[in-house]
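User: Hi! I am new to protein structures and would love a close look at one part of this model. Could you take me through it step by step?

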Amino acid sequence: MTDLSQQAPEAAPRRRSLLMLLPLVLFLALAVLFWFRLGSGDPSRIPSALIGHPAPQTQLPPLDGLANDGRAVPGLDPAAFKGKVSIVNVWASWCVPCHDEAPLLVELGHDKRFQVVGINYKDAADNARRFLGRYGNPYDVVGVDGNGRAGIEWGVYGVPETFIVGREGTIVYKLVGPITADNINAVLKPEIEKALQAGS
C-alpha cells in the first residue's frame, strides 16, 4: 500500500513551480501575438479620416531665409491648393527617414504638373535650411509648423508623411512613412496620376 503522506510534500512544490511559470508563459504568448499583429500590418496603409475632406485651412509662415532662384519661398496659404494638384510632404531635418526620401522628393519636384508643398515640422530654421541645401529643395511652398499644431490638424502620425491634395482642395491620398524606391512607382506616382486626371 502506497503511503500518501510521502506523495503530498513532493506534489506541492511541483505545483508551485508550475504556477510560478504560468505568468511567464502567458507573457510570452501575448508578446508573440503582438509581434505578429504589429509586424503583419503595412503602416503606410493606415487610413486617414481626412481622405475626401478639404485640406486643413492652416496658414503657416515661411521658412526664414529660404529662397529659390533668388526669390523667397512662400509659406503655406490654404488658397494655394485651389486649382492645382499638390503633394504635401511633412518633414524635418531631425527625421532620419526624411533624409532617405529627400532625393526622391527632389525627383518628384521636377514634374511641373503639380506643386510640392513642404510642412517643416518642429524644426530649427538653420537645420531645415541646411537639410534643403544638402539635398536640394523640391518645395514650391514651405510652411513652418513650429509647435506641431498643423501636424495635428493634418492627422499626422509621425514624420515623414505625404498627402495628395486634388484640384478642389480635397485630400485624396495619404502615405504614412517615407517615400521609398518601391512605393514611389508602385503607389505614389499612380495616385498622383489619378489626381491629375480627375477634373482635368
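At what angle do helix 2 and helix 3 pack, and how far apart are their axes?

Analyst: Happy to help! First, a word on the ground rules: this is a predicted model, in which local features need pLDDT of at least 70 and side-chain atom pairs count only at pLDDT 80 or more, while totals for chains, interfaces and linings use all residues. Residues are numbered from 1 along each chain as its sequence is written, and side-chain values use heavy atoms, with hydrogens and water left out.

Two packed helices are described by the angle between their axes and the distance between the axes. Helix 2 (residues 96-109) packs against helix 3 (residues 125-135) at an angle of about 55°, and their axes are 10 Å apart. That angle makes helix 2 oblique to helix 3. (Angles under 35 degrees count as roughly parallel, over 145 as roughly antiparallel, 65 to 115 as roughly perpendicular and the rest as oblique.) The axes are lines fitted to C-alpha atoms, for helices over the stretch in contact, and angles run from 0 to 180 degrees between N-to-C directions. Helices (H or I, at least four residues) and strands (E, at least two) are DSSP runs, numbered from the N terminus.

The crossing of helix 2 and helix 3 is right-handed, meaning that the near helix is turned clockwise from the far one by less than a right angle. On the helix 2 side, Cys98, His99, Ala102, Pro103 and Val106 meet Phe131, Arg134 and Tyr135 of helix 3; contact means heavy atoms within 4.5 Å. Sorted by class, this contact of helix 2 with helix 3 has six nonpolar residues, one polar and one charged. Here Ala, Val, Leu, Ile, Met, Phe, Trp, Tyr, Cys and Pro count as nonpolar, Asp, Glu, Lys and Arg as charged, and the others, Gly among them, as polar.

Helix 2 also has helix 5 (residues 181-197) as a partner: their axes come within 12 Å and cross at roughly 30°. This crossing of helix 2 and helix 5 is right-handed. Leu104, Glu107 and Leu108 of helix 2 make the contact with Ala181, Ile184, Leu188, Lys189 and Ile192 of helix 5. The contact of helix 2 with helix 5 divides into six nonpolar, no polar and two charged residues.

Let us end just before helix 3. Lysine 122 sits in the loop between strand 4 (115-121) and helix 3. Although lysine 122 is not a glycine, its phi is positive, about 45°. Most residues other than glycine have a negative phi. With a relative accessible area of 42%, lysine 122 is partly exposed (buried means under 20%, exposed over 50%, partly exposed in between, using a 1.4 Å probe and protein chains only).
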